[in-house]
Amino acid sequence: MNAAHTVASPRVVCIEDFRPIARRRLPRAVFDYLDGGAEGEVTLRENCRAFQDVTFRPRHAVALGKCDLSVRVLGFDLALPFLLAPVGYSRLMHPGGEVAAARAAGAAGTGYILSTISGHKLEDVKAASSGPVFYQLYLMGGRGASEAAIDRARAAGFSALVVTIDTAVAGIRERDYRNGMKELISGGVFEKIPYIPEMLKHPGWLVSYLRDGGLPGLPNVIIPGKGQMPLVDINAALAAAAVTWADLRWIREHWKGPIVVKGVLTGDDGRRAVDEGAAAISVSNHGGRQLDCVPASVRALPEVVKAVNGQVEVLMDGGVRRGTDVVKAICMGARAVLCGRAYAYGLAAAGEAGVTRAIEILRTDVERTLRLLGCPSIAALNGSYVKVPAAWD
Ligand SMILES: Cc1cc2nc3c(=O)[nH]c(=O)nc-3n(C[C@H](O)[C@H](O)[C@H](O)COP(=O)(O)O)c2cc1C
């Protein structure tokens with residue numbers, strides 16, 4: 001059975017069911033890059049676990065007609081209350097990568113956020129989607145390269161810029177070191193040799209990877225006068241690309257459109273983002289991949305929602321694996337959520353078909369949750385449908 005058939009199987013019931021399929025298809029280095037987090041992975045685990053501390057307060061015996069799952073994010077009407085988060089190196093997981101994910105998002109009526117670390121050209125990604133597409137900016141390659149990317153994103157029709165602020169340096173993802181992710185991405189032939197047997201164990205992935213031309217480059221990071229930035233040491237490149245609030249000012253002046261600040265975990269940073277002119281923020285710890293032992297995103301959400309007091313749209317990401325997670329975050333004040341691994345497992349398992357199936361699972365989950373809560377629409381959700389631990393306020 002091929003991967004697309006596997007994910008269509010009725011036995012794939014929830015997002016977690018994609019994980020073993022992705023694990024079988026990918027070499028360990030690529031799977032762990034997707035699955036893993038920083039250091040002891042405390043925040044990675046906590047992102048998912050903390051949702052369990054929020055419980056529902058349903059209204060039973062309520063007659064409901066059609067459930068309305070739509071939301072408005074940055075002026076765009078989305079059919080679903082979740083968007084697809086930026087996931088770097090998606091093309092390493094599946095040749096379709098960013099193009100496949102954007103197409104699936106658009107077909108489902110929702111938005112897609114393209115990472116700077118994309119193996120596909122931003123123009124191709126935008127063209128693939130019938131929905132809004134946002135560009136996530138790392139200042140990789142310096143200011144000139146970033147301005148060139150911003151200009152291309154504007155010309156291609158990207159609707160918003162997402163500036164990720166939690167990557168002062170790359171978090172240490174220990175699995176990546178053990179598995180030779182660096183050697184796979186940037187090493188020479190000799191450095192790759194110890195990892196070849198593991199790749200040979202995954203012939204399906206290997207054949208598609210080689211047919212796709214091998215390691216994808218970074219076609220959206222073009223350094224003026226030098227050309228495409230080579231895929232050297234991505235950790236060093238990220239450290240050199242650390243963004244500050246002062247950068248946000250010139251980014252805003254250059255872009256002129258709406259900006260989402262991604263990586264807010266405290267009320268103070270939330271207010272700072274408001275002051276710096278953000279149109280939206282995402283309460284996020286980068287999926288537990290940066291500083292370990294920061295709180296779960298959902299745990300940080302109430303403080304940030306309170307601090308920004310409705311002045312910007314609040315999104316959140318981290319640990320969303322079920323429709324109940326989406327609904328809880330919205331009850332707690334998020335306008336919509338971003339899903340990272342939830343769709344990336346699907347992409348890794350079966351390309352576009354896997355992303356489509358992951359979105360569909362989350363969509364039916366959200367609708368079922370609304371009906372069981374006795375709530376007719378996402379717009380009607382509020383804090384009265386959940387009980388949040390008192391200590392979280
Ligand atoms: C494999 C992988 C790569 C990621 N790459 C980026 C990136 O390039 N830029 C970024 O802002 N966030 C990146 N993220 C973080 C996601 O955008 C998002 O914050 C995170 O995945 C949310 O947590 P979740 O995976 O539990 O949904 C990445 C996450 C994963 C899993």
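These are questions and answers on how two helix packings and some ligand contacts are named in a predicted model.

User: Why are α6 and α19 called roughly parallel?

Analyst: The axes of α6 (residues 97-107) and α19 (residues 341-373) come within 8 Å and cross at roughly 15°. Angles under 35 degrees count as roughly parallel, and α6 and α19 are therefore roughly parallel to each other. Axes here are lines fitted to C-alpha atoms over the stretch in contact, with angles from 0 to 180 degrees between N-to-C directions.

User: What makes α2 and α19 roughly antiparallel?

Analyst: Helix α2 (residues 18-25) packs against α19 at an angle of about 165°, with the axes 10 Å apart. Because angles over 145 degrees count as roughly antiparallel, α2 and α19 are given that name. Among the residues that meet, with heavy atoms within 4.5 Å, are Phe 18 and Ile 21 in α2 and Tyr 345 and Ile 361 in α19.

User: How do you know that Pro 86 makes a polar contact with the ligand?

Analyst: A polar contact is a pair of N or O atoms within 3.5 Å, and a backbone N or O atom of Pro 86 lies 2.7 Å from an oxygen atom of the ligand. By that cut-off, Arg 341 also qualifies, with a backbone N or O atom 2.9 Å from a ligand oxygen atom.

Residues are numbered from 1 along each chain as its sequence is written. In this predicted model local features need pLDDT of at least 70, side-chain atom pairs count only at pLDDT 80 or more, and totals for chains, interfaces and linings use all residues, while side-chain values use heavy atoms, leaving out hydrogens and water.

How values were computed: Helix = DSSP H or I, 4+ residues; strand = E, 2+ residues; numbered from the N terminus. Parallel < 35°, antiparallel > 145°, perpendicular 65-115°, else oblique. Polar contact = N/O pair within 3.5 Å; in protein donor to acceptor, adjacent residues only side chain to side chain.
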